[in-house]
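Here is a short note on the model, set out as numbered points. Please read it with the structure open.

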Amino acid sequence: MVILRIWYPERADRLHAGYSSIQISGPTGAAYMSLRPVKSDANTTPHGRTASLADDVKAEGAEPQHVWNFSRLDEKRMLVIWDQHIGIHLKADAKLASHDCFQFCDKILLAGQGVVVDALATSSLTDRAHGALRTSTLALTALQLAARADEYLKVKHW
């Protein structure tokens, strides 16, 4: 089971872009994928320096009202992409992370759909070209990510 959560920005706060995260729990493994950094001296691993769901809820002020549940994604592939990119995408600044989170969640969801999102993947040239085209148009805002999630659930899922 894959859960996408999106916190939309409040209208009064134009500087805040909102936030998104993905949670995976399945037979192949479990992870909470958030790019929000947390200050932790005790755990220096990249996974230990990222936020948990409780951290994200605390930072955003409430539970997200917009949640998507996906059941037919390649969870194992999504977990591999998360493990490969966690150190690269981990920003020291929470504001930068909030702008990168939409692209990252979109990329993880594409990987779960079988799209080649890694340029160094050993797959056919056609698959890599298709993946490059899809990753060049990753979601930049909460609305774009929500539209992609709805499209997958309503059109591509079946």
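Helices here are DSSP runs of H or I with at least four residues, strands are runs of E with at least two, and both are numbered from the N terminus. With those elements assigned, T28 falls in the loop between β2 and β3. The model is predicted.

1. **Overall layout.** The chain has five helices and four strands. Along the sequence they come in the order β-β-β-α-β-α-α-α-α. Among contacts with a separation of 6 or more, 66% join residues 24 or more positions apart.

2. **Surface and burial.** There are 158 residues, and 40% of them count as buried. The accessible surface is about 9000 Å². Carbon and sulfur atoms make up 55% of that surface.

3. **The core.** In soluble globular proteins, nonpolar side chains tend to be buried together. The largest nonpolar core in this chain holds 38 residues. L4, I22, F70 and L109 have the most contacts inside that core. Which elements give two or more residues to the core? They are β1 (2-7), β2 (19-26), β3 (29-33), β4 (66-70), α2 (75-89), α3 (94-112) and α5 (142-156). Helix α3 gives the largest share, eight residues.

4. **L109 as a contact point.** Set aside residues up to four places away in sequence. L109 then touches V2, L4, I22, F70, L73, M78 and L145. L4, I22 and F70 recur here: like L109, they are among the core residues with the most contacts inside it.

5. **Strand β1.** Six of the six residues of β1 are buried. V2, L4 and I6 point one way, while I3, R5 and W7 point the other way. Both sets are buried, R5 included. Please check the placement of R5 by eye.

6. **Pairing of β1.** Which strands does β1 pair with? One is β2, joined to β1 by six bridges in an antiparallel arrangement. Another is β4, also antiparallel to β1, with five bridges. At residue level, W7 stands opposite Y19 in β2. I6 has H66 in β4 as its bridge partner.

7. **The W7–Y19 ring pair.** The structure holds three aromatic pairs. In one of them, the ring centres of W7 and Y19 are 6.2 Å apart. Their planes meet at 45 degrees, so the pair counts as tilted. The pair links distant parts of the chain: W7 is in strand β1 and Y19 is in strand β2, 12 residues apart. Buried or exposed? W7 has a relative accessible area of 5%, so W7 is buried. Y19 is at 0%, so Y19 is buried too.

8. **Around Y19.** The charged end of R36 sits over the ring of Y19, 3.9 Å from the ring centre. E60 belongs to helix α1 (residues 53-60). Leaving out neighbours within four places in sequence, E60 is in contact with W7, H16, Y19 and R36. E60 thus touches both members of the tilted pair as well as the arginine. Why does E60 count as buried? Its relative accessibility is 16%, and the cut-off for buried is under 20%.

9. **The β2–β3 loop.** T28 has a relative accessibility of 45%, so T28 counts as partly exposed. Beyond residues up to four places away in sequence, T28 touches E75, K76 and L79. The C-alpha atoms of T28 and R77 are separated by 9.5 Å, with their positions 49 residues apart along the chain.

10. **The β1–β2 loop.** Y8 is in the loop between β1 and β2. Its relative accessible area is 27%, so Y8 is partly exposed. Not counting residues up to four places away in sequence, Y8 touches G18, H66, W68, A142, L143 and A146. Y8 and A146 are 138 residues apart in sequence, yet 9.9 Å apart from C-alpha to C-alpha. H66, one of the contacts of Y8, is also the bridge partner of I6.

Terms used
Residues numbered from 1 in each chain as written. Predicted model: local features only at pLDDT ≥ 70, side-chain atom pairs only at ≥ 80, totals over all residues. Heavy atoms only, no water. Buried < 20%, exposed > 50% of the residue type's maximum accessible area, 1.4 Å probe, protein only. Contact = heavy atoms within 4.5 Å. Areas by Shrake-Rupley, 256 points an atom, 1.4 Å probe, with all protein chains shown as cover. Core = buried A, V, L, I, M, F, W, Y, C linked by side-chain atoms within 4.5 Å. Pairing = 2+ DSSP bridges. Phe/Tyr/Trp six-rings, centres within 6.5 Å; stacked < 30°, edge-to-face > 60°. Lys NZ or Arg CZ within 6 Å of the ring centre and 35° of its normal.
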